[in-house]
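Trainee: Could we go through this model together, taking the cysteines and then one of the pockets?

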Amino acid sequence: VIKCKAAVAWAAGKPLSIEEVEVAPPKAHEVRIKIVATAVCHTDAYTLSGADPEGCFPVILGHEGAGIVESVGEGVTKVKKGDTVIPLYIPQCGECKFCKNPKTNLCQKIRITQGKGVMPDGTSRFTCKGKQIYHFMGTSTFSEYTVVADISVAKIDAAAPLDKVCLLGCGISTGYGAAINTAKVEPGSTCAIFGLGGVGLAVIMGCKIAGASRIIGIDINKDKYAKAKEFGATECISPQDSKKPIQEVLVEMTDGGVDYSFECIGNVGVMRAALEACHKGWGVSVIVGVAAAGQEISTRPFQLVTGRTWKGTAFGGWKSVDSVPKLVTEYMSKKIKVDEFVTHTLPFDKINEAFELMHSGK
């Protein structure tokens, strides 16, 4: 058993608490990882807020991490002690019908136990003050050591800087893949991106790499426009600058609508606007943001009858074990940006400050 520091969420709506936790050794087909760096994501904040129907407490959150394998359980063959890895919230077992189908990346092998905050055998590897602590998204990267299933880990280039590539564990990969894999953005197309946080910027990067000629960033926070343009946005607009609904503004700006739109916020009203901003006949709108529990999307069926397509994406459609090492290689060869997404680097015990920076849009 390893004793180490972790940021424990004891209850919904409360700040994280830095505690000493005990991390049990990995069982069969499990891997124990020394986490070197972790990022914070709105999904962590969503669960912490209490709005997540799958949220269980007390829990160790975190799902954008990178580290070094400390030890492996019986039967683990794909990684060994000392390997550099990224934990994966969407695993890839290679055996389920989802993994065998090229149309999806949604491996279901451990979905039920992962959703309940436990390892595949139904138990937790974390304890603190004599209490069992739940796992989160199969990763729990807000701990100096974590245990994950062996299908939830990608071995990456040992030379990669872990304080940067940890972002490929969720946000960057999700946005980039939404453009490349889910929408399949074509050269010369016009794209609109709603929400210019980390995921939105990654979508912009994907649209630019795919050869889009016009990339419109949409956000009410104008402080985000300069960064969006660095990533490839050709123009940025705020819905608050017009009395008309934003979809009408976009349809007028683009001679009938955009070819591709992306919702990167998790707001069902914006999801509708993103669909309705698409061009009749061929427009495709991709939902990337995660809406709160119980919310529903709506539009007039005529929007779809007249040739628009509504899609969703999780982790950008990447088959995780296969793709994450390739994404790291693309970063190392400067095909995709990663460093530019990092705005602040804080010590682990300042993790609550990191959440404050995220909530304030900084």
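The questions and answers below take up the cysteines and then a pocket.

Mentor: This is a predicted model, in which local features need pLDDT of at least 70, side-chain atom pairs count only at pLDDT 80 or more, and totals for chains, interfaces and linings use all residues. Residues are numbered from 1 along each chain as its sequence is written, and side-chain values use heavy atoms, with hydrogens and water left out.

Trainee: How many disulfides does the rule count?

Mentor: A disulfide is a pair of cysteine sulfur atoms within 2.5 Å. For C4, the nearest cysteine sulfur, that of C128, is 10 Å away. The count of disulfides is zero.

Trainee: Why is C170 in no bond with C41, the residue with the closest cysteine sulfur?

Mentor: C170 is itself buried (under 20% relative accessible area, where exposed is over 50% and partly exposed lies in between, with a 1.4 Å probe and protein chains only), at a relative accessible area of 7%. There is no bond because the sulfur of C170 is too far from that of C41, at 4.2 Å.

Trainee: Which element gives the most to the lining of the second largest pocket?

Mentor: A pocket is an open set of points on a 1 Å grid over the protein atoms alone, where a 1.4 Å probe fits, with protein on both sides within 12 Å along at least five of seven lines, and lining residues have an atom within 4 Å of a point. The lining here has 20 residues, with H29, K78, C93, D150 and I151 nearest the centre. Both α11 (320-332) and β10 (153-155), a helix and a strand as DSSP runs of at least four (H or I) and at least two (E) residues, numbered from the N terminus, supply at least two lining residues each. The element that gives the most, with three residues, is β10.
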